[in-house]
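Me: I would like to go through this model with you and ask how its labels were earned. Could you set the values beside the definitions?

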Amino acid sequence: MKIIQMKDFKPLTNHQTGIKIRELIKLYIEENTDEILLDFSEIEICTDSFSQQITTILANEITFSIFQKRVKFINLNDFTKELIKSNLLKAFMKNEQNYK
């Protein structure tokens with residue numbers, strides 16, 4: 001299991017930071033078979049543009065199925081949890097549309 005500490009990438013306020021983490025996740029998924037935990041300890045806020053990179057866009061690139069099995073979010077506060085959930089719902093809906 002790989003744990004990525006989001007606090008190491010602060011501030012989580014732009015899509016460039018999200019792209020950096022998304023690419024890190026993709027590289028890890030290519031080279032390993034275990035889960036990746038994205039640890040949001042000590043993160044007060046992140047932006048939607050950041051969140052989209054590590055949810056909607058990542059799920060689209062690696063497939064929603066792989067995303068569901070391999071990428072987990074931990075230690076989210078209420079704000080970040082709602083933002084991540086919202087973007088995961090968008091990723092799920094996009095996935096559903098692709099199979100109709």
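The questions and replies below go through the sheet, the loops, burial and the salt bridges.

Me: Before we start, what kind of model is this, and how are residues numbered?

Reply: Happy to say: this is a predicted model, in which local features need pLDDT of at least 70 and side-chain atom pairs count only at pLDDT 80 or more, while totals for chains, interfaces and linings use all residues. Residues are numbered from 1 along each chain as its sequence is written, and side-chain values use heavy atoms, with hydrogens and water left out.

Me: How do you know that E1 and E2 are paired strands?

Reply: Strands are DSSP runs of E with at least two residues, helices are runs of H or I with at least four, and both are numbered from the N terminus. Two strands pair if DSSP finds at least two bridges between them. Four bridges join E1 to E2, so the pair meets that definition. Gln-5, for one, stands opposite Asp-39 in E2.

Me: And what makes E2 and E3 partners?

Reply: Again there are four bridges, here between E2 (residues 36-39) and E3, and the two run parallel. One of the bridge partners is Val-71 in E3, matched with Ile-36.

Me: Why are E1 and E3 called edge strands?

Reply: The three strands form an open sheet in the order E1-E2-E3, with parallel pairing. Strand E1 (2-5) and strand E3 (71-74) each have a single partner strand, so one side of each is left without a neighbour in the sheet. The twist averages 25° from one strand to the next; axes are lines fitted to C-alpha atoms, for helices over the stretch in contact, and angles run from 0 to 180 degrees between N-to-C directions.

Me: What makes H1 a helix that packs on the sheet?

Reply: Helix H1 (residues 15-31) touches E1, E2 and E3, where contact means heavy atoms within 4.5 Å. The direction of H1 makes about 160° with that of E2.

Me: Why is Cys-46 called buried?

Reply: Buried means under 20% relative accessible area, exposed over 50%, and partly exposed in between (1.4 Å probe, protein chains only). Cys-46 has 2% relative accessibility, so the label is buried. Cys-46 is in the loop between E2 and H2 and touches Leu-12, Phe-40, Phe-79, Thr-80 and Leu-83, not counting residues up to four places away in sequence. The C-alpha atoms of Cys-46 and Leu-12 are 4.9 Å apart, although the two residues are 34 apart in sequence.

Me: Is Gln-53 buried or exposed?

Reply: Gln-53, in helix H2, has 8% relative accessibility and therefore counts as buried. Its contacts include His-15, Ile-19 and Arg-22.

Me: What is the phi of Thr-63, and how is the residue classed by accessibility?

Reply: Phi of Thr-63 is near 80°, a positive value in a residue other than glycine. Thr-63 is in the loop between helix H2 (48-62) and helix H3 (64-70), and at 38% relative accessibility it counts as partly exposed. Asn-75 also has a positive phi, near 55°, and is partly exposed at 46%.

Me: How do you know that Lys-7 and Glu-42 form a salt bridge?

Reply: The definition asks for a side-chain nitrogen of Lys or Arg within 4 Å of a carboxyl oxygen of Asp or Glu. The closest N and O atoms of Lys-7 and Glu-42 are 3.1 Å apart, so the pair qualifies. Lys-7 lies in the loop between E1 and H1 and Glu-42 in the loop between E2 and H2, so the pair ties together parts that are 35 residues apart in sequence. Lys-7 is partly exposed at 33%, whereas Glu-42 is exposed at 52%.

Me: Which residues are linked with Arg-22 in a network of salt bridges?

Reply: The network links Arg-22, Glu-23, Lys-26 and Glu-61. Arg-22 meets Glu-23 at 3.0 Å, N to O, and the closest N and O atoms of Glu-61 and Arg-22 are 3.2 Å apart. Glu-61 lies in helix H2 and Arg-22 in helix H1, so this pair ties together parts that are 39 residues apart in sequence. Arg-22 itself is buried, at 9% relative accessibility.
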